[in-house]
Amino acid sequence: MLVLGIESSCDETAAAIVENGRTIVSNVISTSVAEQALYGGVVPEIASRRHAEFISATVQKAFSDAQLTPADLDAVAVTFAPGLIGAVLVGVSFAKGLAYSANKPLVGVHHLRGHIAALYLTHPDLKPPFLCLVASGGHSHIVQVEDYTRFHVLGRTVDDAAGEAFDKVARTLGLPYPGGPSVANAAKTGNPHAYRLPVPHVEGKYNVSFSGLKTAVLNAVNQAQMKGEPISVPDMAASFQERIDSILADKLLLAAQDTGAKTICLAGGVAANGRLRALLNEGAQKLGARLCLPRTALCGDNGAMIAAQGYYEYQAGNRAGLDLNGLPTLPIDYQ
């Protein structure tokens, strides 16, 4: 079964064709990240305009690379929530038009479910149930994946998401956008114990909070500037990365221990962070659990993950009509 996946929830315009939810046939990404970097973050209006400019050529290239046509498809899947609403609507509108013109079923896909589905493309033998940390620019969730379309949230951020915190700390340290890669790169030569950063307290056993951690970095930088003292960017980057990655890893591993999960996974843009991967690998070995990580190329937003989840939504009987609308927010465990 061939499914076209379309993703446009943030600043990547992406399209991919996936076979049976596991095999990538083509995968194309057009991004406005270089333009967004000029402003230190995503400008929703600019992202929406670039999606409108890029989407037709991006989808056409996905078909060209796969040497297929719309007639060869079994379904069209598209991210409909959550995300920047103007950006989401570009993908939804295009997908509805394509599905209608090609007379193919339309499937709406939740963006976070798509990130989890990226794991199926990396690990063809992976099947639910398993425990997954989904960490990205807008989300940080610990999710029990009960089945391909059934999810239960154990914990989440109560304020900033992990990726958002990386972006804001990068800006504070004068590092380029996107913050995740730039902080990780700066941290390579830094001392992770140079600066003592707090572990924010939060209600909820598996919940996390990063607003206070981000503020602690900002305050440390401001105080140093007022005193005329230097801040070591590599040391602060390493200290921040160590703290935020340790919080995420500890919460996921605690949830795995409490639930008895035998398979734990990581997904989302922050899943590309090497230190977080190392901490989880070490923790999983101690628990005797299997750790599944997505290929780095599939950590960020892409169409393949949407096509993969679209396959399982289709198999579960989930279809969308031409009245499908984009939504800025929606829980991953919606019914």
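Q: If contact means heavy atoms within 4.5 Å, which helices do the buried residues of α7 pack against?
A: This is a predicted model, in which local features need pLDDT of at least 70 and side-chain atom pairs count only at pLDDT 80 or more, while totals for chains, interfaces and linings use all residues. Residues are numbered from 1 along each chain as its sequence is written, and side-chain values use heavy atoms, with hydrogens and water left out. Helices (H or I, at least four residues) and strands (E, at least two) are DSSP runs numbered from the N terminus. The buried residues of α7 pack against α5 (162-172) and α8 (233-259).

Q: Why do the buried residues of α7 lie on the same side of the helix?
A: Buried means under 20% relative accessible area, exposed over 50% and partly exposed in between, with a 1.4 Å probe and protein chains only. In α7, L213, K214, A216, V217, V221 and A224 are buried. They lie on the same side of α7 because, judged by the directions from the helix axis to the C-beta atoms, they cover an arc of only 160°.

Q: Which residues are exposed on the other side of α7?
A: Helix α7 spans residues 211-227, and G228, whose phi is positive, near 75°, follows it. On the side of α7 away from the buried residues, the exposed ones are M226 and K227.

Q: Which residue in β5 is the bridge partner of A77?
A: Two strands pair if DSSP finds at least two bridges between them. Strand β4 (residues 75-81) has seven of its seven residues buried, and it pairs with β5 (residues 106-110) in the parallel sense over five bridges. In β5, the bridge partner of A77 is V107.

Notes:
The expected span of a helix is 1.5 Å times one less than its number of residues. Contact means heavy atoms within 4.5 Å.
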